[in-house]
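I opened this entry to keep a record of what I looked up, strand by strand and helix by helix. The structure comes first, and my notes follow.

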Amino acid sequence: MTVRSTAPKDTLGEELVRFDGVVKRFRTSLGRRQTALDGFSMTIPRGSVVGLLGPNGSGKTTALKALLGLVRADAGTIRAFGRQLPEGQALVASRMGALIEGPAFTASLSGERNLRLLGELHGVGAETVAEALELVGLTQAARRPYSGYSLGMKQRLGVAGALLAAPELLVLDEPMNGLDPEAVRDMRALFTRLRDERGMTIVVSSHILAEVELVCDRVTIVRHGTVIRDGPVGELLDRGTVHTVVRVEDVTAARSVLERAGLAVTAAVGPQGPELHVGATAADPGPALLKVLAEHGLYPQELRLRQASLEDVYINAIREADAARGATGAAGDVG
Ligand SMILES: Nc1ncnc2c1ncn2[C@@H]1O[C@H](COP(=O)(O)OP(=O)(O)OP(=O)(O)O)[C@@H](O)[C@H]1O
Ligand SMILES: [Mg+2]
């Protein structure tokens, strides 16, 4: 596997891919019009791991398929490696490796044999296949028939297949689907390694937000075919809501005291029972909260600042987008 690009992580900036206002409508079997992408715009900077997030049916797979030339956009533009698609598709195809909607291999053949056959298409031999198997941790299982592989092993073989042509851009649609926690962690380590050691750029759709938060440099959140949040993970988290968790015996009394002090309070149930979430007022609201509560004879068992997680950012983004959609009366698709 030759290394084509060794861009270090700190030279982010060059765009490998740019979607601009991409629209894709399907006609369903019932003749209904279904808008999968509705002005979809996102960029994929070189050397980054980009997470594509969104609820079921929001357009993630369609966007990745459009990039790979598997579906054709009705409007908007997609550029990859400086070329306009679909005109430049053949030229950029060799620079992308992909795993979309699960791998397709021959059940009776071993993992290695399957990859060797795939390798022939890419003009790569046994050495490259062995290296790809090693990267995904399948060396031991290489000679076992594919039919005996677990779901996780199948997914990993799919990723190995996508790596054979030493792509600069790896496009993976839900590669962590069905993997157990250890396999998910291995996949995450693989992405980091491919980015850091090979300068690979990776775009990965996923529903496993905690993993995306750990591995991705950027995330793009899509809803109804439109991007509703986009940016470096750190920035999105910083802009996310931060609140203070207050665990106190008399939740009702504490709530009214804090609300009378002008604070935004919501009741919640934490792992240890009822708690209050107080909207952030200062970088360290602890002393102020303690003072207000103590003045009313209320002494919290726990007071802690909670930073937003990617899941919070995601849920908020979806809620806001839905509220805005409701407010503007945006309708679904019509037949
Ligand atoms: N070939 C097709 N024919 C008709 N409708 C389609 C087709 N492909 C996708 N769609 C529709 O386009 C919308 C977006 O689908 P897409 O598969 O891109 O979503 P997704 O974000 O990948 O969802 P999931 O998280 O479930 O994988 C959905 O409403 C889907 O039903
Ligand atoms: Mg999908």
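Which residue is the bridge partner of Leu-52 in S8? I looked this up in what is a predicted model, and found that the partner is Ser-205.

**Entry 1: strand S3 and its neighbours**

I then turned to the other neighbour of the strand and noted that, in S9, Leu-52 has Thr-220 as its bridge partner. S3 pairs in the parallel sense with strand S8 (residues 201-205) over 4 bridges, and its pairing with strand S9 (residues 218-223) is likewise parallel, over 4 bridges. I also checked how enclosed S3 (residues 49-53) is: 5 of its 5 residues are buried, so the strand is largely enclosed by the rest of the structure. Both faces are covered, with Val-49, Gly-51 and Leu-53 buried on one side and Val-50 and Leu-52 buried on the other.

**Entry 2: the sheet that holds S3**

I traced the sheet outward and wrote down an open arrangement of 6 strands, in the order S6-S7-S8-S3-S9-S10, with mixed pairing. Strand S6 (96-99) and strand S10 (226-232) stand at the edges with a single partner strand each, so one side of each has no neighbour in the sheet. On average, and ignoring direction, neighbouring strands here are turned by 15° against each other.

Within this sheet I looked at strand S7 (residues 169-173), which pairs with S8 in the parallel sense over 5 bridges, and where Val-171 has Val-203 as its bridge partner in S8. Helix H6 (residues 181-198) packs on the sheet and touches S3, S7 and S8, its direction making about 155° with that of S8. Helix H1 (residues 60-68) lies across S3, S6, S7, S8 and S9, and runs at about 145° to S7.

**Entry 3: the other sheet**

I next followed an open sheet of 4 strands, whose order is S2-S1-S4-S5 and whose pairing is antiparallel. Its edge strands are S2 (33-45) and S5 (83-85), each of which pairs on one side only. Neighbouring strands of this sheet are turned by 25° against each other on average, direction ignored. Strand S1 (residues 15-27) pairs with S2 in the antiparallel sense over 10 bridges, and I noted Phe-40 in S2 as the bridge partner of Val-22.

**Entry 4: helix H3**

How many residues does helix H3 have? I found 12, covering residues 111-122, and the helix reaches 17 Å from its first C-alpha to its last, close to the 16 Å expected at 1.5 Å a residue. Its buried residues are Gly-111, Glu-112, Asn-114, Leu-115 and Gly-119. These cover an arc of only 155° around the axis, which puts them on the same side of H3. They pack against helix H4 (126-135) and helix H5 (151-163), whereas Glu-120 and Leu-121, on the other side of H3, are exposed. I also noted that Gly-123, which follows H3, has a positive phi, near 70°.

**Entry 5: Ala-93 and the domains**

I looked up Ala-93, which is found in helix H2 (residues 89-93), and recorded it as partly exposed, with a relative accessible area of 41%. Its C-alpha atom is separated by 9.5 Å from that of Leu-67, although the two residues are 26 apart along the chain.

Last, I noted the division of the protein into domain 1 (9-237) and domain 2 (242-306), whose centres, taken over C-alpha atoms, are separated by 43 Å.

Definitions and conventions
Residues are numbered from 1 along each chain as its sequence is written. Chains are lettered from A and ligands numbered from 1 in the order in which they are written. This is a predicted model: local features need pLDDT of at least 70, side-chain atom pairs count only at pLDDT 80 or more; totals for chains, interfaces and linings use all residues. Side-chain values use heavy atoms; hydrogens and water are left out. Domain bounds come from an automatic or database domain assignment. Helices (H or I, at least four residues) and strands (E, at least two) are DSSP runs, numbered from the N terminus. The expected span of a helix is 1.5 Å times one less than its number of residues. Buried means under 20% relative accessible area, exposed over 50%, partly exposed in between (1.4 Å probe, protein chains only). The arc is that of the directions from the helix axis to the C-beta atoms. Contact means heavy atoms within 4.5 Å. Two strands pair if DSSP finds at least two bridges between them. Axes are lines fitted to C-alpha atoms, for helices over the stretch in contact, and angles run from 0 to 180 degrees between N-to-C directions.
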